[in-house]
Amino acid sequence: MMGLLDPTFKENYLGRAEVINIFRIPKVGTIAGCRVLDGVIRRDAEIKVMRGEEQVFKGKIGSLKRFKDDAREVTNGMECGIGLGGFNDLKEGDLIEAFSTEKLAADLGALTSAKA
């Protein structure tokens with residue numbers, strides 16, 4: 001029965017960075033110069049770009065750099081360059097929220113209460 005149910009997904013918050021400056025690089029795209037406000041930004045994380053209260057993009061990080069070196073993760077208070085795969089419409093003041101997605105088994109309790 002458990003294998004037939006669709007799994008549920010949970011987002012685990014990792015960190016948030018504010019876009020300070022925008023760099024447009026030919027043949028590479030747009031790179032956001034950011035400062036990590038809290039938590040940690042990881043290269044393998046998924047991100048949401050928030051402009052005010054509105055979410056303008058949801059996807060993956062294309063590149064994460066500290067100075068000119070590739071970085072695996074950047075922690076609270078540090079500055080970094082973030083390239084987003086397939087999104088170039090960044091503006092100063094945007095917030096980049098990083099999260100990881102966890103796959104949970106479907107809850108049988110919700111299924112049985114829905115039938116009752």
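**Talking through a predicted fold**

Modeller: The chain has one helix and eight strands. Keep in mind that this is a predicted model. From the N terminus on, the order is β-β-β-β-β-β-β-β-α.

Colleague: Thanks! What share of the chain counts as buried?

Modeller: Of its 116 residues, 31% are counted as buried. As for contacts with a separation of 6 or more, 67% of them come from residues 24 or more positions apart.

Colleague: Let's take some residues, then. Why is Lys 48 called buried?

Modeller: The relative accessible area of Lys 48 is 16%, and buried means under 20%, so Lys 48 qualifies. You will find Lys 48 in strand β3, which spans residues 46-51.

Colleague: And what makes the pairing of Lys 48 with Glu 11 a polar contact?

Modeller: The two side chains make that contact at 3.2 Å, and the limit for the N or O atoms is 3.5 Å. The value falls within the limit, so the term applies.

Colleague: Which other residues does Lys 48 meet, beyond its neighbours within four places in sequence?

Modeller: Besides Glu 11, the contacts of Lys 48 are Gln 55, Phe 57, Lys 58, Leu 95, Ile 96, Glu 97 and Phe 99.

Colleague: Phe 57 catches my eye. How do you know that Phe 57 and Phe 87 are an aromatic pair, and what makes the pair stacked?

Modeller: A pair of aromatic rings is described by the distance of the centres and the angle of the planes. By the rule used here, the count comes to one aromatic pair. The rings of Phe 57 and Phe 87 are 4.6 Å apart centre to centre, with 15° between the planes. Centres must lie within 6.5 Å, and planes under 30 degrees apart count as stacked, so both conditions are met.

Colleague: Why do you say that this pair ties parts of the chain together?

Modeller: Phe 57 is in strand β4 while Phe 87 is in the loop between β7 and β8, so the pair links parts that are 30 residues apart in sequence. Both Phe 57 and Phe 87 are buried.

Colleague: On to strand β2. Why are Thr 30 and Val 40 described as buried?

Modeller: Thr 30 has a relative accessible area of 7% and Val 40 has 12%. Each value is under 20%, so the word buried fits each residue. Strand β2 holds Thr 30 and also Val 40.

Colleague: What joins the side chains of Thr 30 and Arg 24?

Modeller: A polar contact of 3.2 Å, and with 3.5 Å as the limit that value passes. Leaving out residues up to four places away, Thr 30 also touches others, including Ile 22, Ile 82, Asn 88 and Leu 90.

Colleague: Which residues does Val 40 contact, again without neighbours within four places?

Modeller: Leu 14, Gly 15, Glu 73, Val 74, Thr 75 and Ala 98. The C-alpha atoms of Val 40 and Met 78 are separated by 9.5 Å, with the two positions 38 residues apart along the chain counted as their separation.

Colleague: Finally, what lines the largest pocket?

Modeller: The lining has 14 residues, and Gly 33, Lys 65, Phe 67, Cys 80 and Gly 81 lie nearest the centre. The elements giving two or more residues to this lining are β1, β2, β4 and β7. About 280 Å³ of space lies in the pocket.

Colleague: How many residues of each class are in that lining?

Modeller: Eight are nonpolar, three polar and three charged.

Notes. Residues numbered from 1 in each chain as written. Predicted model: local features only at pLDDT ≥ 70, side-chain atom pairs only at ≥ 80, totals over all residues. Heavy atoms only, no water. Helix = DSSP H or I, 4+ residues; strand = E, 2+ residues; numbered from the N terminus. Buried < 20%, exposed > 50% of the residue type's maximum accessible area, 1.4 Å probe, protein only. Polar contact = N/O pair within 3.5 Å; in protein donor to acceptor, adjacent residues only side chain to side chain. Contact = heavy atoms within 4.5 Å. 1 Å grid on protein atoms, 1.4 Å probe; cavity = no way out; pocket = protein on both sides within 12 Å on 5 of 7 lines; lining within 4 Å. Points joined across faces, edges and corners; volume = space filled by probe spheres on them. Nonpolar A, V, L, I, M, F, W, Y, C, P; charged D, E, K, R; others polar. Phe/Tyr/Trp six-rings, centres within 6.5 Å; stacked < 30°, edge-to-face > 60°.
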